[in-house]
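Please open your viewer and get ready to click along. We will go stop by stop, with a selection to make at each one.

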Amino acid sequence: MNSGLPAGWTIERVRALSGDPSATPIDSDRLVVVEVAGQEGYEPLQPDVILAFHGLCLVRDDGEWFMGQLDADGSVVCWASYGSDLAEAIRSL
């Protein structure tokens, strides 16, 4: 269950830091996009990890963590990069 997480990370650590005991990795085989500031539309992401908790998602694409929301159709719309540090991205909730 911890595959894809950064070295030293477990899903239990994600749950503890996020305060969400139901935090879980979800399948990354779905549409994931990020809003592009100052432009209409979205840019597609190619995530290798998606973590769902507190009704939100953290999506890792090319080493950066993006915060987003899981839509009813299963897609994820992200609004910003929260950097490359998973702990900092979680704390930004």
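Let's begin with the charged pairs: searching the whole structure turns up two salt bridges. Keep in mind as you look that this is a predicted model.

**Stop 1: a bridge between a loop and a strand**

Select Asp48 and Arg60 and show their side chains, which meet in a salt bridge with an N to O distance of 3.0 Å. Asp48 sits in the loop between β3 (42–44) and β4 (49–53), while Arg60 belongs to strand β5 (residues 56–61), so this pair ties together parts that are twelve residues apart in sequence. Now turn on the surface. Is each partner buried or exposed? Asp48 counts as partly exposed because its relative accessibility is 45%, and a value under 20% would be needed for buried. Arg60, at 13% relative accessibility, does count as buried.

**Stop 2: a bridge within a helix**

Next, select Glu88 and Arg91. Their side chains also form a salt bridge, at 3.0 Å from N to O. Both residues lie in helix α2 (residues 86–91), where they are three residues apart, or about one turn of the helix. With the surface on, Glu88 counts as partly exposed at 42% relative accessibility, and Arg91 counts as exposed at 52%.

**Stop 3: Gln46, in the loop you have already visited**

Go back to the loop between β3 and β4 and pick out Gln46. With a relative accessible area of 65%, Gln46 is exposed. Which residues does Gln46 contact, leaving aside its neighbours within four places in sequence? They are Arg60 and Asp61, and you met Arg60 earlier as the salt-bridge partner of Asp48. If you would like to try the distance tool, draw a line from the C-alpha atom of Gln46 to that of Cys57: the two are separated by 14 Å and lie eleven residues apart along the chain.

**Stop 4: Val32, under the surface**

Now select Val32, in strand β2 (residues 32–35). Hide the surface for this one, because Val32 counts as buried at 1% relative accessibility. Show what surrounds it: neighbours within four places in sequence aside, Val32 is in contact with Glu43, Pro44, Leu45, Pro47, Ile50, Val59, Val76 and Cys78. For another distance line, join the C-alpha atoms of Val32 and Ala87, which are 21 Å apart and separated by 55 residues along the chain.

**Stop 5: zoom out to the whole fold**

Switch to a cartoon view and count along the chain. How many helices and strands does the protein have? There are two helices and seven strands, and from the N terminus they run α-β-β-β-β-β-β-β-α. The radius of gyration is 12 Å, close to the 12 Å that the globule rule gives for 93 residues, so the protein is as compact as a globular protein of that length. Along its principal axes, the C-alpha trace spans about 40 × 25 × 20 Å.

Contacts add to this view: among those with a separation of 6 or more, 40% are between residues 24 or more positions apart.

**Stop 6: surface and charge**

Finally, bring the surface back. Its accessible area is about 5,200 Å², with 47% belonging to carbon and sulfur atoms. Of the 93 residues, 38% count as buried. Colour by charge to pick out 5 positive and 15 negative side chains; the centres of these two sets lie 11 Å apart.

Key
Residues numbered from 1 in each chain as written. Predicted model: local features only at pLDDT ≥ 70, side-chain atom pairs only at ≥ 80, totals over all residues. Heavy atoms only, no water. Helix = DSSP H or I, 4+ residues; strand = E, 2+ residues; numbered from the N terminus. Rg over C-alpha atoms; globule rule 2.2 N^0.38 Å. Buried < 20%, exposed > 50% of the residue type's maximum accessible area, 1.4 Å probe, protein only. Contact = heavy atoms within 4.5 Å. Areas by Shrake-Rupley, 256 points an atom, 1.4 Å probe, with all protein chains shown as cover. Lys, Arg positive; Asp, Glu negative; His and termini not counted. Charge placed at Lys NZ, Arg CZ, Asp CG, Glu CD. Salt bridge = Lys/Arg side-chain N within 4 Å of Asp/Glu carboxyl O.
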